[in-house]
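I opened a new model today and kept notes on what I looked up. The entries follow in the order I made them.

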Amino acid sequence: MALLVQKYGGTSMGSVERIEHVASKVAAARARGDQVVVVVSAMSGETDRLIKLAKAIDPRPVSRELDQMIATGEQVTIAMLAIALEKMGVRARSYTGAQVAIRTDQAYNKARIKHIETERLLADCNAGIVPVVAGFQGIDDDGNITTLGRGGSDTTGVALAAALKADECQIYTDVDGVYTTDPRVEPKARRLNRITFEEMLELASLGSKVLQIRSVEFAGKYKVPLRVLSTFVDGPGTLITLDEFKTESGVEEPLIAGIAFSRDEAQLTVAGVPDRPGIAAAILGPIGDANIEVDMIVQNVGADGTTDFTFTVSRGELDRATEVSKKVADALGAKGIRTATDICKVSLVGVGMRSHAGIAARMFKTLAAESINIRMISTSEIKISVVIEDKYLELAVRALHKAFDLEVAA
């Protein structure tokens with residue numbers, strides 16, 4: 001008998017019929033003798049609808065009240081799934097994040113889990129009851145409802161699996177695993193049987209929408225076996241593992257595990273800054289203090305003793321980043337600020353980069369052959385990212401997918 005944590009996303013919970021389908025999958029696992037703890041998201045589109053309602057009153061609603069409001073989406077689906085399970089003869093009980101309790105810090109809209117109390121959940125499992133837990137939410141030390149940020153139900157699922165010492169955390173979604181890239185962009189993308197946590201973490205951070213990055217961090221840190229599966233199609237899914245691995249024939253997996261991309265990119269340049277020690281800190285310090293995440297950074301040295309300092313942020317943060325940077329630019333005597341939103345980021349990810357040279361050269365040559373200009377480059381041990389014009393995104397992904405033979409099964 002295994003203890004499984006199954007997480008179902010918003011698409012899986014998108015209608016009464018789909019919720020009943022999820023209930024049948026949970027019931028099947030129980031019939032096999034497994035203990036199951038279920039984590040669910042709100043119905044597809046519900047969180048966006050609630051946010052829109054709040055912003056109709058105030059474009060910048062108070063964070064605490066916004067969390068109080070958007071946490072209600074999951075309260076609906078946990079009750080509906082519990083009702084569906086009971087109808088099928090499976091004992092079930094629904095819980096909000098506060099009822100569990102999932103303890104978080106007070107960073108409203110993007111809280112972090114500090115501790116999960118498991119006694120009630122384990123007691124239910126031992127009594128043959130399926131706990132159905134609201135994803136995406138928790139409670140702080142003062143009793144306030146908090147939410148974990150978009151995609152936070154994945155993090156809830158993995159965190160519960162870690163706390164419960166589950167045999168596996170299964171993330172059910174509308175795709176049947178992790179692909180070499182988004183099949184909507186490259187139809188020849190293939191499903192990966194396995195991928196390392198390290199590669200999945202890079203893919204998630206670079207734009208892959210299959211899993212939320214914090215859920216992958218959690219799984220890797222606490223060694224939670226993690227599998228991505230389809231709610232609608234039976235299959236083995238993709239296992240996310242700690243170790244690098246080889247194929248059955250003993251041959252190493254391809255150099256590149258996958259290609260990630262992000263359209264949510266904006267570029268900001270502080271031009272003509274005096275070139276002296278401490279400039280980077282002077283520019284990025286206030287950006288960090290404003291809780292704005294910076295991604296790629298490039299600093300160019302000019303012949304006149306000044307430098308252009310360029311960095312990227314998400315498009316949603318560009319206005320705030322520009323506001324902060326203007327104050328910094330005035331204080332430093334910079335020549336001005338330039339912004340751009342016609343960009344995207346494309347990234348190659350693979351542990352094979354550690355032991356093979358020439359990956360970057362092949363990437364750059366492939367893009368050059370398609371007349372795609374590179375604006376910025378960033379590398380780590382297992383990834384290479386480039387910023388290009390967003391109109392070339394799909395062309396770049398397809399060209400790189402072909403160049404690195406990702407459509408060919410190992």
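Entry 1. I started with helix 10 (residues 279–289), which lies across strand 14, strand 15 and strand 16 (306–313). Its direction is at about 30 degrees to strand 16. I note that this is a predicted model.

Entry 2. I then looked at helix 11 (residues 318–332) and found that it lies across strand 14, strand 16 and strand 17. Helix 11 runs at about 0 degrees to strand 14.

Entry 3. Next I looked up the sheet itself. It is open, has 4 strands in the order 15-16-14-17, and its pairing is antiparallel. The edges are strand 15 (297–301) and strand 17 (336–340), each of which pairs on one side only. On average, neighbouring strands of this sheet are turned by 15 degrees against each other, direction ignored.

Entry 4. I checked how strand 14 (residues 266–274) is joined to strand 17: the two run antiparallel, with 5 bridges. Glutamine 267 has alanine 340, in strand 17, as its bridge partner.

Entry 5. I moved to helix 9 (residues 213–221) and listed its buried residues, among them Arg214, Val216 and Phe218. The cover over the buried residues of helix 9 includes strand 5 (113–116), helix 7 (152–164), helix 8 (197–205) and strand 11 (226–230). Just after helix 9, I found lysine 223 with a positive phi of about 55 degrees.

Entry 6. Last, I looked up aspartate 67, in helix 3 (residues 63–70). Which side chain of opposite charge is nearest to aspartate 67? I found arginine 64, 8.9 Å away; aspartate 67 is buried yet has no salt bridge. Leaving out residues up to four places away in sequence, aspartate 67 touches Tyr108, Asn109, Ile145, Thr146 and Thr147.

Conventions
Residues numbered from 1 in each chain as written. Predicted model: local features only at pLDDT ≥ 70, side-chain atom pairs only at ≥ 80, totals over all residues. Heavy atoms only, no water. Buried < 20%, exposed > 50% of the residue type's maximum accessible area, 1.4 Å probe, protein only. Contact = heavy atoms within 4.5 Å. Lys, Arg positive; Asp, Glu negative; His and termini not counted. Salt bridge = Lys/Arg side-chain N within 4 Å of Asp/Glu carboxyl O. Pairing = 2+ DSSP bridges. Axes fitted to C-alpha atoms, helices over the stretch in contact; angles between N-to-C directions.
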